[in-house]
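Here are a few exercises on how parts of a protein model meet, each with a worked solution. Have a go at each task before you read on.

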Number of protein chains: 4
Amino acid sequence: MWGGRFDAPPDPRVQRFTESISFDWRLLDADLRVADAHAAMLRARGLISAKDLAAIRRGVASIRRDGEARKLVFDESLEDIHTHVEHWLRERVGAAADKLHTARSRNDLVSTDLRLWMQDAATALLAELRALVRSLAKLAARNVDAIMPGYTHLQRAQPVTFAHVVLGYAEMLLRDRERIRDAAGRANRSPLGAGAIAGTTLPITRASTARALGFSGTLENSIDAVSDRDFVAEFVGALAILAVHLSRIGEDLVLWSTTEFGFVAMSDAVTTGSSLMPQKRNPDVAELVRGKAARVIGAHVALLTLQKGLPLAYNRDLQEDKEACFDAFDSTLASVECLQVVFESLTVRVDRMRDAARDPALLATDLAEALVLRGVPFRKAHETVGRAVRTAETGRSTRFAVPGLTASEVDVILDPARSVRRRHLATSIDRVRGLVARESEWRVGARSDKA
Amino acid sequence: MWGGRFDAPPDPRVQRFTESISFDWRLLDADLRVADAHAAMLRARGLISAKDLAAIRRGVASIRRDGEARKLVFDESLEDIHTHVEHWLRERVGAAADKLHTARSRNDLVSTDLRLWMQDAATALLAELRALVRSLAKLAARNVDAIMPGYTHLQRAQPVTFAHVVLGYAEMLLRDRERIRDAAGRANRSPLGAGAIAGTTLPITRASTARALGFSGTLENSIDAVSDRDFVAEFVGALAILAVHLSRIGEDLVLWSTTEFGFVAMSDAVTTGSSLMPQKRNPDVAELVRGKAARVIGAHVALLTLQKGLPLAYNRDLQEDKEACFDAFDSTLASVECLQVVFESLTVRVDRMRDAARDPALLATDLAEALVLRGVPFRKAHETVGRAVRTAETGRSTRFAVPGLTASEVDVILDPARSVRRRHLATSIDRVRGLVARESEWRVGARSDKA
Amino acid sequence: MWGGRFDAPPDPRVQRFTESISFDWRLLDADLRVADAHAAMLRARGLISAKDLAAIRRGVASIRRDGEARKLVFDESLEDIHTHVEHWLRERVGAAADKLHTARSRNDLVSTDLRLWMQDAATALLAELRALVRSLAKLAARNVDAIMPGYTHLQRAQPVTFAHVVLGYAEMLLRDRERIRDAAGRANRSPLGAGAIAGTTLPITRASTARALGFSGTLENSIDAVSDRDFVAEFVGALAILAVHLSRIGEDLVLWSTTEFGFVAMSDAVTTGSSLMPQKRNPDVAELVRGKAARVIGAHVALLTLQKGLPLAYNRDLQEDKEACFDAFDSTLASVECLQVVFESLTVRVDRMRDAARDPALLATDLAEALVLRGVPFRKAHETVGRAVRTAETGRSTRFAVPGLTASEVDVILDPARSVRRRHLATSIDRVRGLVARESEWRVGARSDKA
Amino acid sequence: MWGGRFDAPPDPRVQRFTESISFDWRLLDADLRVADAHAAMLRARGLISAKDLAAIRRGVASIRRDGEARKLVFDESLEDIHTHVEHWLRERVGAAADKLHTARSRNDLVSTDLRLWMQDAATALLAELRALVRSLAKLAARNVDAIMPGYTHLQRAQPVTFAHVVLGYAEMLLRDRERIRDAAGRANRSPLGAGAIAGTTLPITRASTARALGFSGTLENSIDAVSDRDFVAEFVGALAILAVHLSRIGEDLVLWSTTEFGFVAMSDAVTTGSSLMPQKRNPDVAELVRGKAARVIGAHVALLTLQKGLPLAYNRDLQEDKEACFDAFDSTLASVECLQVVFESLTVRVDRMRDAARDPALLATDLAEALVLRGVPFRKAHETVGRAVRTAETGRSTRFAVPGLTASEVDVILDPARSVRRRHLATSIDRVRGLVARESEWRVGARSDKA
């Protein structure tokens, strides 16, 4: 395909080293869409005949069908998906295939393909993320009265509800949704027509292929269009933050599933046993979700490091963008899916939570705030209650004695349920439900392109 | 400040290990702004007296003045900036200081401070980025006719103009601008009032402090508000992509400054010499800009890894967010500033560029496209020209002989300036200038909050 | 210092951007040692006079004294520590200072300095690491009978002793010791004399300065000597693995300090309180140790990414090696120190551990193994016991009924202390103590240089 | 395989998420070796019968044969390679298979397998690395007189030989060899017998399996043995440094292949063309080698981040260790192999190098050193020559006029070949050849285990 300039074929080790078909086959659908759109434009500009266009269309449709039927055969010596498509096309429609690559280069083509793939990937991920947030909202709705300790530094801090915790996850994921939409939206501009680096002398129109492929516009500068992979780094960066969020949820689930906490029990569907220890039921999904974050971070690092210090424009190093991107996407998507299963089948042990929340030290802040309402400066109130806690802890008293509050006032304050109600928290359930319900909140490309 | 619960002081090594004042002093201004806004709200809700508010305001103003005059004394045993401010306030206004921490915690406070700092940081960075893009636009305007080889794989590919290359940089930076705005905009919501984890039983209003501090709204969920640092990871992620872009510009500048390329010469103001070799003039700024990208990537990794697998809510690990964030910001900002100096004082060697662009192989694609216009399928045209190149290269001919084109047709095509004109490139200068001119494009927080 | 080639001074922003004195002052001691050794060699080779040598020695001694007395003044315009030393020397001894830089370059000098610094840093770190392992060995010795559950997947797995767990930490740290020694040993070769890239035409002897500075040999190839920072990446890589180990210890300490686990209590000396919640006692040191791992990983990434794709030989990017290295070292050293304090003041709640270890499910594996000893194939024994656990768990029986074992046989097996004894574990205490005792195990440079 | 504790099967999405057979099939050979050794030990300790042992051996041999013949069928529902082996064994030899898992767990098994794999991997990598160093030594031997400019900051610095540069690469790779040997040597201890976390009550002997499998000893502490993956992080860390070295070589090759430098030409076997531009011959291998470094760094980050903050002992997150490790190994190995092909078929353009080395500024340091030999202090000599360079550069003189040197003295000094000879460089070729020749230098496990 490189034409007449070479005398000798590549060394087989080199061929294996440089091929990308083993992973860029995932761009098949995008590459075929581009073939259709590009051929139509070439025809409209008089660069190919109506007959050629018909042949290309027929060939593309045939390849698509064979792809769906898994009948396509890949060949390492054909390097990448673009060469495969051209090759398959030639097998099907002969000479017309030789005209498809008119006024385009693999440099602009691969960036176009990857951007199209990303739109689909983001759409799929947002759908699963929406389902996960919906699961969380349902779980919250079922547990608005489930009092448990809130933790800071993993020490019991103040009573909260399980709904409140779960809605905290939802808020994190709602921001991830925004980041993914922003990344996909910013990537949604067409490099097609940028050629290898400097466009073409042929009379093409870039706007028409951009429109046909659903892009919101074209990338103006051809050098930028072929050489930058910031859109991949941004997308995977958004995935990395999402994966880190999921890892935190995973950590909580692992902790809560311990005998010691015992706040939740996972179903058989999401736990595994031990090959040695007969009694074990392990929260493997939650652990793997935690571990996958490391992998996505690693992919993100690879993408940033890859581009660091590269001269403009296209360099072959950039071929390394795809595996990292695909792997980060697959890992994140699967984590989101599996956490849905976890949350949908989760047993919440409301009684264990309630028992833990009975710890009176959790209400120390409420006691201090009660003193504030009686006119004690907060810093003094804090110290007073701190002493009372220490006294109770050392066993010198069986209850909190707080100067400035009567024993019955203290007792009233020490009711965790009342404490939670006093603080008007966890009201964001309606907000979360509203966002989950609204279709447009989960649509890629809805972002208005500011530039 | 932790009140009455502790018998013994911290170990000195531990104190040094856990203090943050050595870096979070940068949050002084934000902490004072929060003090003012919080005190005003406490007064409005009847939680402190008018006299207390006046005292706090007076104290805050005094601290601010002393800060500007660099008269504040820091003390490691006072842990962090929040404790320092409370301490300085007590020195100045006595008992009223004990009331400032009513209904707030360092957990919500530090997140509020950092978000405010980030708005200022993003504003400063966008201003410098704008200046850099303006420099690039000027440089492009001066070099619209400077023909040079465009490179792919660092091999000469096709003729372009220097303006075209430089505008490619501008496009990259314009997307960075969007990412920074998006990150700052998404961070621009107030955690204040979330308390340590679960809000407060006192009758505060969160919306009023949010408004007073210029936030676009509040973070709804108190657990989320104190425990998530996704906004730091996103901001530094945007910086990392920007830093990688700058590293690519740095690489180009290093290459072009070599004796071998010789396309540009940097001024004495941005180069350094050698302690050993008298003749050296080294492109240190460009090299360091390239190196700084590694540092910013490292900071980004630290921030993601830091949060991976942490249980909700606040954990002390999160204290590590600030140094990485400050360092990434400082490194990126300085790189942007110094590249301005480089571009403003750059000598462009138009003649060296032109000489390099005379290489006839750069027009091989144009020859192939000329064949296409005569009806030759592109794949065949590509092969024909490839053979002609090989023939010329092996010295068997002194010029390109392309079957299907006359010698004089070939000669016309082999003019690089004509080639560039045929391709209608580098027209984005007006677009870039327009965006640079428009103030609103460079304003933080202009982003409409979608959620 | 760059001599006569420049007309104009650097731009002030550029000067601030390129200076390194704000961090490479830490190389002062190394730079002075090199000055002494280099001057002695120059004299021995007749390149400077005896008088010059005496002057340089006097000047170096004076700078050293002033450094110890903190009387040296740094100046950003003097770029780096090497220029400062030459400048201070000139102030003290005049013209002799102009001869010190004979036959050396900052390129070989900075690598020499950093390698010397690393030997000291590794020595200091190994001493602290040894102290930490000693603390762990003591803690283990005091807790050989403290039975607790061993966890896998954070689910209770089998009974172990606290000593066994703590000695597990020791084993990890003993490997870290080896890695640090290997890294420091491999770095312990002298680049001095490599000059800027290609040595010198002057008749120096490289071996003599190498010997005088305590190096185990010279780096043969001058280009390699000035351009590679693999030794920094390897050292910080070893620190990163150590920091990750410490983060795992930190995580365990955080978990065990929870109310739910309650296995240990940390002293006031290593915990902190809350500004809002009077009752809190937070395991901040353990959390920060966990967080510091992220920072050290970030530094390691920065160092690898920094060097990726750099052409030989020295490039200014390499200046970025030092801050990452110093920061990783400081963070790791402080973590090791503070964990000593934690372990030395740790209260082990043997009763809480024992209670947790009473869970009969922990002995399920022992039951299965008892069946194996009676001839039941393991896979079948595993299944039999698994069913018994499920039956007991669902409350259909108050005790384990295991077909093939009598109730009293089961009872004997269900004693966790006996189980631990049967397994002959935690015997590595002598091995650990032996290694701690042996001085040579903790010495840098003991490594015999294989190449 | 988890026996009788579970009622319901895993959710299919969870099964796909948690399976590892899609990548841990690479441990098949190791797993079979362990099966043989473990069964022999069980027999020696009377835990299985001679008949069982014979059956297991027969089964293992059969599986091995089928593996080599690619006749084994994998099944996602059988999770991992260990379960597959047990399953295949049961298919072949029935009940004896149920006894193989006696006194072992997948926790100790997987760590054993991976360590065995690593020994083979390191052996294979060292063999290729040796071949690469041999290629470099040959290339150096052919080019000891090829004078070229040495570069610092990519500016021409001083004349060197091409041999000198190439031997610099060899030195870097020789240290990589040491790091890989150290990492593999440190990993070469047996976890087998550690069980799930706490060994076994059955009377096994750990030393015998360790010996049979070629380990240098056992890991003493069972908790450490199953939970630590420092050996993977260290190995991949060594690969990352190697990959970074290769990336620097790749960068040099890319630079030298440019039209502007023109120092080397790569063969058709290692270059590729363009789908659009007929004239292109791109150094893709060198570029991809550079890019692969990013990927290996990413894998390293993933491995460190994965383990950060994990509680002891085995957690399912650790399953993520293998893909990162395999991928880093494959990428590095392939890079080493392909660079061999590059260097073996490299055309060195000695004339282009010589022309570039004629630049008289390259000898400025030699001029300054000549002044030193005449008694001028170096700093003054440096300045004098610096001025001469500037004067020559500005065209005010056609040659260097150096006060203190006659024109003919200057002329003698300005001969680059003489300069190189004066500096006695590039002599390390014998050292490199010697190390390449010695078999033992390239053997894994030769490292004497210090602990």
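**Exercise 1. Work out how many residues chain B and chain D each bring to their contact, and what that contact is made of.**

Step 1: count the residues. With contact taken as heavy atoms within 4.5 Å, chain B gives 46 residues and chain D gives 46 residues.

A quick word on the ground rules: this is a predicted model, so local features need pLDDT of at least 70 and side-chain atom pairs count only at pLDDT 80 or more, while totals for chains, interfaces and linings use all residues. Residues are numbered from 1 along each chain as its sequence is written, chains are lettered from A and ligands numbered from 1 in the order in which they are written, and side-chain values use heavy atoms, with hydrogens and water left out.

Step 2: get the area. Buried area is the accessible area (1.4 Å probe) that two parts lose on being put together, summed over both. For chain B and chain D that comes to about 3800 Å², 54% of it on carbon and sulfur atoms. On the chain B side, B:H153, B:E260 and B:P278 supply 18% of the area buried against chain D, more than any other three residues.

Step 3: look for charge pairs. A salt bridge here is a side-chain nitrogen of Lys or Arg within 4 Å of a carboxyl oxygen of Asp or Glu. The rule finds two between chain B and chain D. B:E260 turns up again in a salt bridge with D:R156, where the closest N and O atoms are 2.8 Å apart.

Step 4: see which element does the most. Helices (H or I, at least four residues) and strands (E, at least two) are DSSP runs, numbered from the N terminus. On the side of chain B that touches chain D, α16(B) gives the most, with seven residues.

**Exercise 2. What relates chain B to chain D?**

Step 1: superpose the two by least squares on the C-alpha atoms of residues with pLDDT of at least 70 in both. Chain B lands on chain D with an RMSD of 0.0 Å after a turn of 180° and a shift of 0.0 Å along the axis.

Step 2: name the relation. Those values are why we call this a two-fold axis.

Step 3: find the residue by the axis. In chain B, B:E260 has the C-alpha nearest the axis, 2.6 Å from it.

Step 4: compare the surfaces. Both copies use the same one, as 100% of the contact residues of chain B recur in chain D.

**Exercise 3. Find out how many residues of chain C and chain D are in contact, and who leads on the chain C side.**

Step 1: 109 residues of chain C touch 109 residues of chain D.

Step 2: the pair buries about 9600 Å², 56% of it on carbon and sulfur atoms. C:R248, C:L312 and C:R379 lose the most area in chain C, together 9% of what that side buries.

Step 3: the rule finds 16 salt bridges between chain C and chain D. C:D230 and D:R179 form a salt bridge at 2.7 Å, N to O.

Step 4: helix α8 (residues 162-187) of chain C gives the most to the side that touches chain D, with 14 residues.
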